[in-house]
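Please work through the following exercises with the sequence and the coordinates at hand. Each task is followed by a solution in steps.

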Amino acid sequence: GHTTNKFWYNWEISVGAGVGTAVRDLSGSSEGAFGDRLGFEGNISATKWFHPIIGARLQLQGGKFSNYPAGVTNGELVKWPYIFVHADAMINLSNWIGGYREDRFYYAVPFVGFGYQAVDFTDDFEQKYGEGYNGAYATVFGLLNKLRVSKQFDINIELKAWLYREGDMPSMVGGSGGFGQSFSATVGFSYRFNKRGWDKAYTQSDLDVYVNEAQKLRDDLAAANAARIAAEEAAAQSKADADRALAKAQAAQKAADEAALRAAKAAEGIHATGNCIFFNYGTSQLTGTDKTRLALIADEIKAGDSKTVYTISGYADAQTGSKAGNKRVSANRAKNVYNYLVSCGVNRDQLKYDSFGGSVAPFPSNQKANRAAIINK
């Protein structure tokens with residue numbers, strides 16, 4: 001139920017730091033204190049959210065693993081460097097289960113990805129331990145816990161693990177078979193830039209509210225006119241009947257006038273939504289559905305009085321965009337409708353167009369509906 005955003009909307013840049021460890025086949029070494037087997041990790045990430053639920057991330061992380069490997073006879077604590085770059089698919093589980101909310105404080109974001117890890121790549125490590133460069137493809141998965149502290153910033157607590165061939169660990173630690181495993185926990189923050197929220201897409205039910213209300217007003221007016229006509233026919237039978245019918249007709253006329261006034265006021269607000277073309281945020285292009293509706297309107301204009309002149313008015317949502325941008329997009333909306341009606345055979349002398357930007361709101365109760373072009377006599 002939300003619009004797909006533009007490419008540069010809903011981006012996050014994140015940094016974090018914490019601890020990590022690496023073991024082989026979940027056995028590792030039991031020598032030394034647990035804290036000695038924890039190494040440092042730092043990371044930086046770029047995340048793009050395509051939808052309130054679905055996103056993608058590219059993360060570069062690196063640091064040093066620490067352990068007491070059996071291959072070092074003096075029992076020395078060995079720290080070996082690594083760099084791991086991976087692309088991840090992100091799922092905002094909180095938005096998926098609980099629905100999108102702009103004011104939600106906590107988001108649970110599980111992820112899974114794939115990348116490449118390089119270890120033992122420094123000259124110092126190779127000279128000291130005789131270990132050369134090792135590289136491995138790795139699968140990563142984990143849980144990103146996001147705490148929203150403002151519209152721009154989140155605090156991140158990330159827990160992740162990644163798997164790779166044991167043979168790609170240093171030979172003093174790994175072996176020739178099985179898998180190596182790494183685990184890390186980091187804390188950091190994210191900065192969101194450009195557009196940070198999500199617009200709800202229009203549905204047919206949104207438009208049906210206006211169309212149904214306009215139909216109800218037309219039905220009330222038709223009923224009032226029918227009562228007036230019946231009263232006038234009764235008045236022709238006799239003067240006495242005519243007097244009574246006249247009183248009834250006057251009452252019916254009053255009701256008809258009130259109904260007409262309500263219809264006029266409603267039309268002033270909704271401008272006969274049957275003659276409205278609605279647009280998405282920032283756009284002025286006509287869709288296939290819009291062109292179908294305009295083709296029907298063109299047929300009605302051509303079938304009507306050739307002296308009737310129709311005005312196409314372009315509008316924009318005053319709550320979004322700049323005044324200059326809203327003026328430009330509203331003018332483009334009106335002009336595109338004008339050009340398409342002309343392409344359907346409508347006489348140019350029967351059409352004119354104007355634009356109001358966001359300075360006039362034809363739909364004051366629903367600002368998003370003001371992204372429209374309206375055709376009136």
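The exercises below treat the overall make-up, one helix, the nonpolar cores, the aromatic rings and three buried residues.

The model is predicted, so local features need pLDDT of at least 70 and side-chain atom pairs count only at pLDDT 80 or more, while totals for chains, interfaces and linings use all residues. Residues are numbered from 1 along each chain as its sequence is written, and side-chain values use heavy atoms, with hydrogens and water left out.

**Exercise 1. Overall make-up**

Task: State how many helices and strands the chain has, and what share of its residues count as buried.

Solution. Step 1: Helices (H or I, at least four residues) and strands (E, at least two) are taken as DSSP runs, numbered from the N terminus. On this basis the chain has six helices and 12 strands.
Step 2: A residue is buried under 20% relative accessible area, exposed over 50% and partly exposed in between (1.4 Å probe, protein chains only). Of the 377 residues, 41% count as buried.
Step 3: A contact requires heavy atoms within 4.5 Å. Among contacts in the chain with a separation of 6 or more, 68% come from residues 24 or more positions apart.

**Exercise 2. Helix 6**

Task: Compare the expected span of helix 6 with the distance between its end C-alpha atoms, and identify the elements against which its buried residues pack.

Solution. Step 1: The expected span of a helix is 1.5 Å times one less than its number of residues. For the 21 residues of helix 6 (residues 323-343) this gives 30 Å, and the end C-alpha atoms are 30 Å apart, so the two values agree.
Step 2: The buried residues of helix 6 include Gly325, Asn326, Arg333, Ala334, Tyr338 and Leu341.
Step 3: The buried residues of helix 6 pack against helix 5 (288-303) and against strand 9 (276-278), strand 10 (310-314), strand 11 (351-355) and strand 12 (372-376).
Step 4: Just after helix 6, Gly345 adopts a positive phi of about 100°.

**Exercise 3. Nonpolar cores**

Task: Determine which residues touch the most other members of the largest nonpolar core, and which strand gives the most to this core.

Solution. Step 1: A nonpolar core is a set of buried Ala, Val, Leu, Ile, Met, Phe, Trp, Tyr and Cys residues joined through side-chain atoms within 4.5 Å.
Step 2: The largest core has 20 residues, of which Trp80 and Trp162 touch the most other members. Two or more residues each come from strand 4 (78-91), strand 5 (106-119), strand 6 (134-148) and strand 7 (153-165). Strand 4 gives the most, with five residues.
Step 3: A second, separate core holds 19 residues, among them Phe279, Ala334, Leu341 and Ile375.

**Exercise 4. Aromatic rings**

Task: Classify the ring pair of Phe7 and Trp11 and that of Phe278 and Phe363.

Solution. Step 1: Rings of Phe, Tyr and Trp (its six-membered ring) pair if their centres lie within 6.5 Å; planes under 30 degrees apart are stacked, over 60 edge-to-face, and the rest tilted. The structure holds 15 aromatic pairs.
Step 2: Phe7 and Trp11 have ring centres 5.7 Å apart and planes at 70°, so this pair is edge-to-face.
Step 3: Phe278 and Phe363 have ring centres 5.9 Å apart and planes at 40°, so this pair is tilted. The pair links distant parts of the chain, since Phe278 is in strand 9 and Phe363 is in the loop between strand 11 and strand 12, 85 residues apart. Both Phe278 and Phe363 are buried.
Step 4: Ring pairs also link Phe65, Tyr82, Phe84 and Trp162 into a cluster.

**Exercise 5. Three buried residues**

Task: Describe the surroundings of Asn370, Lys146 and Ala138.

Solution. Step 1: A polar contact is a pair of N or O atoms within 3.5 Å; within protein, one must be able to donate a hydrogen and the other to accept it, and residues adjacent in sequence count only if both atoms are side-chain atoms.
Step 2: Asn370, in the loop between strand 11 and strand 12, is buried at 1% relative accessible area. The side chain of Asn370 reaches the backbone nitrogen of Phe363 at 2.8 Å. Residues touched by Asn370 include Tyr315, Asp317 and Pro362.
Step 3: Lys146 lies in strand 6 and is buried at 4%. The side chains of Lys146 and Glu12 are joined by a polar contact of 3.2 Å. Lys146 also touches residues including Tyr107, Asp154 and Ser190.
Step 4: Ala138, likewise found in strand 6, is buried at 1%. Residues touched by Ala138 include Phe84, Gly113 and Trp162.

Notes:
Lists of a residue's contacts leave out its neighbours within four places in sequence.
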